[in-house]
Amino acid sequence: MSGEVIAFLILSLITISGAVFMLNLRKVVHMVVALAFTFISIAGLFVLLEAEFIAAAQVLIYAGAVTIIMLFGIMLTRHDDHDETRRPAHKWLAGLAVAVFFVLAMAVINTMDWVPADAHLFENNTEQIGIQLFAKYVIPFELTSIVLLVALVGAVILARNDEQSAGKEGERYE
């Protein structure tokens with residue numbers, strides 16, 4: 001086994017275990033930490049695929065920004081910290097669904113024709129992404145920035161409404 005295969009196995013194990021922990025942990029902050037481990041290990045997988053720009057974007061956007069935003073959302077909202085009761089049948093049903101998905105995925109993978117196509121990969125990755133992004137996909141790129149701006153304004157409005165309603169409730173009880 002080469003070092004690349006060993007690195008792939010370690011990173012894929014961290015990715016899968018982080019995702020499983022995120023689904024099974026009870027505390028929200030622990031779930032966010034498990035999700036951050038998943039994001040960072042996915043970035044490592046991108047490095048193994050020699051897609052360094054995508055790996056850097058993965059770390060900056062997902063492991064950094066999304067995780068921090070989730071933590072701020074947890075800290076700024078009011079929520080009850082009680083555990084919900086789960087039925088044991090749900091675990092068995094979820095396990096069955098995962099097994100069925102695994103079998104279907106393996107069946108599809110085994111029926112694929114894996115003939116490699118001629119492609120010029122790994123030549124100026126960042127330059128090729130930039131050319132495609134700002135030439136062919138400039139409209140979706142700009143629309144995405146507008147959607148993010150609208151989400152930011154909506155979050156500020158919701159936070160301001162929560163502060164105002166909390167102030168009014170405090171005045172009622174005085």
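Reader: Which helices each supply at least two residues of the nonpolar patch?
Author: Happy to start there, keeping in mind that this is a predicted model. The patch lies on the surface and includes M1, F8, I14, V29 and F37, with about 930 Å² of accessible area for the full set together. At least two patch residues each come from α1 (3-24) and α2 (28-48).

Reader: Which helix gives the largest share of the nonpolar patch?
Author: Good follow-up! L9 is one of the patch residues, and L9 sits in helix α1. With six residues, the largest share belongs to α1.

Reader: Is T38 buried or exposed?
Author: Let's place the residue before judging it: T38 belongs to helix α2. Buried means under 20% relative accessible area. T38 has 8% relative accessibility, so T38 counts as buried.

Reader: Which residues is T38 in contact with, leaving aside neighbours within four places in sequence?
Author: One polar partner is close in sequence: the backbone oxygen of A34 lies 3.0 Å from a polar atom of the T38 side chain. Setting aside such neighbours within four places, the contacts of T38 are T15, G18 and A19.

Reader: How far apart are the end C-alpha atoms of residues 89-109?
Author: That stretch is among those listed as "transmembrane region" in an unreviewed UniProt entry, as is 6-25. Residues 6-25 are 95% helix and 0% strand, with end C-alpha atoms 28 Å apart. For residues 89-109, the chain is 100% helix and 0% strand, and the distance between the end C-alpha atoms is 30 Å.

Definitions and conventions: Residues are numbered from 1 along each chain as its sequence is written. This is a predicted model: local features need pLDDT of at least 70, side-chain atom pairs count only at pLDDT 80 or more; totals for chains, interfaces and linings use all residues. Side-chain values use heavy atoms; hydrogens and water are left out. Patches are made of residues with over 30% relative accessible area and no salt bridge: like charges are joined within 9 Å, nonpolar side chains (Val, Leu, Ile, Met, Phe, Trp, Tyr) within 5 Å. Accessible areas come from the Shrake-Rupley method with a 1.4 Å probe; for residues, only the protein chains shown count as cover. A salt bridge is a side-chain nitrogen of Lys or Arg within 4 Å of a carboxyl oxygen of Asp or Glu. Helices (H or I, at least four residues) and strands (E, at least two) are DSSP runs, numbered from the N terminus. Buried means under 20% relative accessible area, exposed over 50%, partly exposed in between (1.4 Å probe, protein chains only). A polar contact is a pair of N or O atoms within 3.5 Å; within protein, one must be able to donate a hydrogen and the other to accept it, and residues adjacent in sequence count only if both atoms are side-chain atoms. Contact means heavy atoms within 4.5 Å. UniProt positions are given in the numbering used here, feature names are shortened, and annotations may be inferred rather than shown by experiment.
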